[in-house]
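Here are some exercises to work through with the model open beside you. Try each task before reading its solution.

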Amino acid sequence: MKILLTAINAKYIHSNLAVHSLKAYAQSYCVPREGSLPLSTDTAEYTINQQTDELLMDLYRRKPDVICFSCYIWNIAFVEELVTELKKVLPQTHIWLGGPEVSYDAVKVLERLPGVCGVMKGEGEETFAQLCRIYCGAGAQGVPDSLSSVKGITYRDSGGGIAENPWRDVLDLSAVPFVYKDMELFRHKIVYYESSRGCPFSCSYCLSSVDKRLRFRDTALVKQELQFFIDARVPQVKFVDRTFNCNHRHAMEIWTYISEHDNGITNFHFEIAADLLNEEELDLFGKMRPGLIQLEIGIQSTNPCTVKEIRRTMDFEKAAHTVRRIRDNGNIHQHLDLIAGLPYEDMESFKRSFDDVYALRPDQLQLGFLKVLKGSYMEQQKEAYGLVHKSSPCYEVLRTKWLSYGDVLRLKGIEEMVEVYYNSGQYTRTLERLIEEFDSPFDMFERLRKFYEEKDHMNVQHRRSARYEILLSFISSCCEEKTEYYRELLVFDYYLRENAKTRPEFAGDHMLTKEQIREFYEKEEKERKYLEGYEASDRNQLRRMTHLERFTCLGKTVLFDYMQRNPLNQEARTCMIDM
């Protein structure tokens, strides 16, 4: 019996933990009975950027007896198109769906997709293993008559009707086998890992609030498995725990372990609640290697009425204090989130939330838009909120009582400006000063959005240097008398990250002569006053691995050293030069 677990990911660098977990569990716990067919389970991962025909051909060549698809808001439209065509070319293959996008309206899914045999609802490991036993024992033809005892499924019975079985109780997370064996299969991909399932909080927009049965994987197991990643020198391990630090002891044990066994390469990503961090954890953070961990922190809103309405538990003042303290250590990347479209959040309220979070100077500020997920409390309340959202995935907000569609479009434009000019990390020194020219950060990004629209720059793929030119043009339109000052800040930002030997047009003429530059490198070759670690390099090599720039308005000559970059933001080391 050949069963294929299929994932269609958003990007090539992603991997799907769910299909690998189901496979590992079935291989460990699905023991074939005497007289049953041998079980063969395999996984296949694709992306939504591939053509449907490409996947159709590959799946046809594999000819599985049963195929299961992992369904999310980002791939459900692709999956539905694919399974419709797949049934035409593999009519005898049984098709099953699972995942959050089909678990909460399984009957409607089966009514919409007549070629699908059933839906696995919620947590899938034991459900999938039981289905494997049934298929191996009964063969494909006799399966429908054997499904009535399987918890956690909605399926087509032998009479052609749709039957719904009760949801399955959750399993012991420590019973799920470790899914990673051969890391070659995950080369150039993000590795996902879970040490807990469920969430203690009840945020109305999140499906984790539906199931509060929080449980943890045994920390002894977690340490063994993390050591496997460390020994394999995996670039990044991304924990998928919904609120990793909701249990202090569990979080502290894991953070201590990775700190003590740091290989100097592997980075660990955690989604946390900043206001839950205590002194012990913060002290440990301060001792970590720069780049060892990164934190994703969901603020969502700083409006107290909004926070209360969405059933979110957060002390923003405490969270803000914690974020600032971590930032001041300079060794941990912090990613903060906001959500537009929440109840009681109009443009003025969202502006305050934006400015509050921007003031914390996170490494990244994600301006997201509310997605009204099936099965969430937010979906139940949408009429009360005047909440209108897209009918198709990802069910994104269009308008609310407090936010018009026009407001949403304005925020979309601001989101684009934040991504290009803040989250890229390419304009840090310029933005630090430019913000001071406006009433607030939100106002600056709003003005920049308007400038982009007036100049027809939106929805255009600009080359990198062109983004600098556009920003300089915007600055000239706002504070023309400071154009040269900001030009130099932009040049500084540019060379912080770019070892460019072709001078960008916006930078203007070089303020140092060729003779001055030649003399500097000749002298540095002999004295090594500014550059360490270049002992085997001559003056020409020194020049290729560095850049020298004179800033007239700033009154500085700066040496940019690209061999020694900041591990968090990849900025070059800088030295102020006497010349």
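**Exercise 1. Salt bridges**

How many salt bridges does the count come to? Once you have the total, look at the pairs Arg449 and Glu453, Glu469 and Arg463, and Arg327 and Asp328.

*Solution.* Please keep in mind that this is a predicted model. With a nitrogen of Lys or Arg within 4 Å of a carboxyl oxygen of Asp or Glu as the criterion, the count comes to 41 salt bridges.

Step 1. Begin with Arg449 and Glu453, whose side chains meet at 2.9 Å, N to O. Both residues belong to helix α16 (residues 441–454), where they are four residues apart, about one turn of the helix. Arg449 is buried, with a relative accessible area of 7%, whereas Glu453 is partly exposed at 40%.

Step 2. Next, take Arg327 and Asp328: their closest N and O atoms are 3.2 Å apart. Asp328 has a relative accessible area of 58%; exposed means over 50%, so Asp328 counts as exposed.

Step 3. Finish with Glu469 and Arg463, which meet at 3.5 Å, N to O. Glu469 is partly exposed, with a relative accessible area of 25%, and Arg463 is exposed at 52%. Elsewhere, shared partners link Glu123, Glu125, Glu194, Arg197 and Arg215 into one network of salt bridges.

**Exercise 2. Strand β14**

Is strand β14 (residues 333–340) largely enclosed or left open by the rest of the structure? Work out which strands pair with β14 as well.

*Solution.* Step 1. Check burial along the strand. Eight of the eight residues of β14 are buried, so the strand is largely enclosed by the rest of the structure.

Step 2. Sort the side chains by direction. His333, His335, Asp337 and Ile339 point one way, while Gln334, Leu336, Leu338 and Ala340 point the other way. This fits a general pattern: in a regular strand the side chains alternate between the two faces of the sheet.

Step 3. Find the neighbours. Strand β13 (residues 293–300) runs parallel to β14 and is joined to it by six bridges. Six bridges also join β14 to the parallel strand β15 (residues 364–369). Leu338 is a handy landmark here: it stands opposite Gln300 and also opposite Leu367 in β15.

Step 4. Add the connection. β14, helix α12 (residues 347–358) and β15 make a right-handed β-α-β unit.

**Exercise 3. The whole sheet**

What is the order of the six strands in the open sheet, and which strands stand at its edges?

*Solution.* Step 1. Write down the order: β8-β11-β12-β13-β14-β15, with parallel pairing.

Step 2. Look at the ends. β8 (191–193) and β15 each have a single partner strand, so one side of each is left without a neighbour in the sheet. On average, neighbouring strands are turned by 25 degrees against each other, direction ignored.

Step 3. Inspect the pairing at β8. Three bridges join β8 to strand β11 (residues 236–239) in the parallel sense, and Tyr192 has Lys238 as its bridge partner in β11.

Step 4. Place the helices. α12 packs on the sheet and touches β13, β14 and β15, its direction making about 180 degrees with that of β14. Helix α14 (residues 405–423) also packs on the sheet, touching β14 and β15, and its direction makes about 160 degrees with that of β15.

Technical notes
Residues are numbered from 1 along each chain as its sequence is written. This is a predicted model: local features need pLDDT of at least 70, side-chain atom pairs count only at pLDDT 80 or more; totals for chains, interfaces and linings use all residues. Side-chain values use heavy atoms; hydrogens and water are left out. Buried means under 20% relative accessible area, exposed over 50%, partly exposed in between (1.4 Å probe, protein chains only). Helices (H or I, at least four residues) and strands (E, at least two) are DSSP runs, numbered from the N terminus. Two strands pair if DSSP finds at least two bridges between them. A crossover is right-handed if, with the strands pointing away from the viewer, the path from the first strand over the helix to the second runs clockwise. Axes are lines fitted to C-alpha atoms, for helices over the stretch in contact, and angles run from 0 to 180 degrees between N-to-C directions. Contact means heavy atoms within 4.5 Å.
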